[in-house]
Amino acid sequence: MEKILQVKDLELSFNTFGGEVKAIRGVNFDLYKGETLAIVGESGSGKSVTTKSIMRLLPESSAEFKNGEILFGGRDLTKLSDKEMQKIRGKDISMIFQDPMTSLNPTMPIGRQITEPLLKHQKISKTEARKVAIDLLRLVGMPKPELRMKQYPHQFSGGQRQRIVIAISLACNPQILIADEPTTALDVTIQAQILELMKDLQKKIDTSIIFITHDLGVVANVADRVAVMYGGKIVEIGTVDEIFYNPQHPYTWGLLSSMPSLDTEDAKLYAIPGTPPDLLDPPKGDAFALRSEYAMKIDMEMDPPFFKISDTHMAATWLLHPDAPQVEPPLSVIERMKKFPGSRYYEGSAN
Amino acid sequence: MARYIGKRIIYMVITLALIATFTFFLMKILPGSPIASADKLSPEQRAVVEARYGLNDPLPVQYFNYMFGLVQGDLGVSINQFKGANVTDVILSRMGPSAQIGFQGMVLGTVLGILLGMIAALRQNSWVDYSSTVVAIIGISIPSFVFASMLQYFLGLKLGWFPVALWKDGFMSSVLPSIALAMFPLATAARFIRTEMIEVLGSDYITLAKAKGASGSEIAFKHAFRNALIPLITVLGPMAVGILTGSLVVEQIFAIPGIGEQFVKSIMVNDFSIIMGTTIFFSVFLILVILIVDIMYGIIDPRIRLSGGKS
């Protein structure tokens, strides 16, 4: 599969009054053509910062690349000038944001907001751009697009606005679409519609999607592969089945256990104890060790490297080291693993 | 829209009636009369004058006579300042210079203020930003009469670029008073635009515009500017008041034959009908400004576009 984007050893810090906040501490991943990669993790894990750094949308005054590169089309995005980035933004890489209620300009008709990237990046006339914009609105399922071009954002509902934002992001047929929690601010029924729309559109225009979310239900629905982030690092990455049915990192176990499911019999919902690490002063060793009941001595001392589980599946935990003791994952995770061929709890095809 | 404006006009009439009533009785409460200082008049002559202007009628009669005239558009005649001249004519003849320096001051102040505020916001925490803050503080804290005298001294007397006072050289005469009047709107606009631009530039739709590939200037002018203007419109009303009250003083200092100068004098000599007429004129002006401001809101911000009498 063709790699369209490579993030290598990315390290990024924010310079604040309190000191240097190490928001991304060595992130590696590849994005393949046409796939959907979900990045999951709790607030402050660095998932949004990672994608915003790909777009270079972080404030230049405080955010600073410390190390690593972001390779796209043979170029390192961390090194491009702002002028060069402007040519990539909205054309090759575009973005959908979390809150559709605030991400459209309230004083500009939506038609102009959709045609803006077209006129910016493509040599077409205003009338042509208008036609394309109407087609885009139709594509994202907006009824009567011709009439709605002149309307302002406040005349649309939240779901409709997110459709408009999606139309804007797709205007120039980007190679990469970054969706930063695109459904978080929407109510559940609209969420499902927007996810359906995105899946549908991806098939039509064959773009790669980076989908940021903290909602594992959404991940299962849209993703091909999943990267789990914690404390500014990716701790586990694999296909969606591998992450959901053969997770290896204690943090992934915690995430999955804290997801309510229909089979959960005991009424109490599991929550990972403790709080995320302070990235102003990241802990030594495995950042999750302090919250993990599986932590070993070495977790407090040394950062775990990535251990390969399969060609597509890697996790950064000392538990995978040959010398590590065998531990029992939480019960709900074992239940999941029972369904995964290749896991040590596999019970043959279920049902 | 038409219904909305109609409704507003009714409110305007009510407001005006209240203002006229208040001013009328306030004036009557104050000691003094238009002919108090006319020592040369014999008691008989005094009685004749008082009878002619109805100054001896009972207060309610005077009030209703005045209001009746007002409804018909008759502001009465000047008692002593302009000796029998029609008040409307007096005001109209005085309007030109006032309108000119007021308009010039307002335009100069807002345009420069907006520019200054924009630059300050786009170059936040740079020397441009700090100097714009200083300019704004000076503009707000130095009273217009001090500033006017400084202009007269430096630009008028020392450099001789503009006439020091009087209304004789057309546009050149209007420059210094316009600058003096512009300081308040300039300072206000600069502060408002700076604060608002900084807030707007941090909003999600600006990030989205950036994500579309818009350049810095496109973001500032196409996306941020219009949104940053909205709160400025709110202070346009108060700014117009500032120009108006400023003009009372500034016209005195520059000896400009405008309404402000004439208003101040009419108060000094107790010319009732001129005071009344000018107050009403100013009130109409301000109420109109506020109406225009409300309509402008709708033009700039589509979210508060007025429709069919509903807000």
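**Exercise 1. Find how S1(A) and S2(A) pair, and what joins them.**

Solution. S1(A) and S2(A) run antiparallel and share 11 bridges. The structure is a predicted model. Next, look at the connection: a hairpin of two residues leads from S1(A) to S2(A). Then take one bridge as a check. Thr16(A) has Gly19(A) in S2(A) as its bridge partner.

**Exercise 2. Build the strand order of the sheet in chain A.**

Solution. Start again from S1(A). S1(A) is also joined to S4(A), by eight bridges, and these two strands run antiparallel. One such bridge sets Lys8(A) against Glu69(A) in S4(A). Move on to S4(A), residues 63-72. S4(A) pairs with S5(A) over two bridges, again in the antiparallel sense. Here Leu71(A) has Asp76(A) of S5(A) as its bridge partner. Put the pairs together: the four strands form an open antiparallel sheet in the order S2-S1-S4-S5.

**Exercise 3. Which strands of chain A stand at the edges, and why is one side of each left without a neighbour?**

Solution. The edge strands are S2 (19-32) and S5 (75-76) of chain A. Each has a single partner strand, so one side of each has no neighbour in the sheet.

**Exercise 4. Place helix H1 of chain A relative to the sheet.**

Solution. H1(A) spans residues 47-55 and packs on the sheet. List the strands it touches: S1 (3-16), S2 and S4 of chain A. Last, take the angle. The direction of H1(A) makes about 75 degrees with that of S2(A).

**Exercise 5. Locate the domains of chain B and their separation.**

Solution. The domain assignment gives domain 1 (2-71) and domain 2 (99-268) in chain B. Compare the C-alpha centres of these two domains of chain B: they lie 36 Å apart.

Methods:
Residues numbered from 1 in each chain as written. Chains lettered and ligands numbered in written order. Predicted model: local features only at pLDDT ≥ 70, side-chain atom pairs only at ≥ 80, totals over all residues. Domains from an automatic or database assignment. Pairing = 2+ DSSP bridges. Contact = placed C-beta atoms within 7 Å. Axes fitted to C-alpha atoms, helices over the stretch in contact; angles between N-to-C directions.
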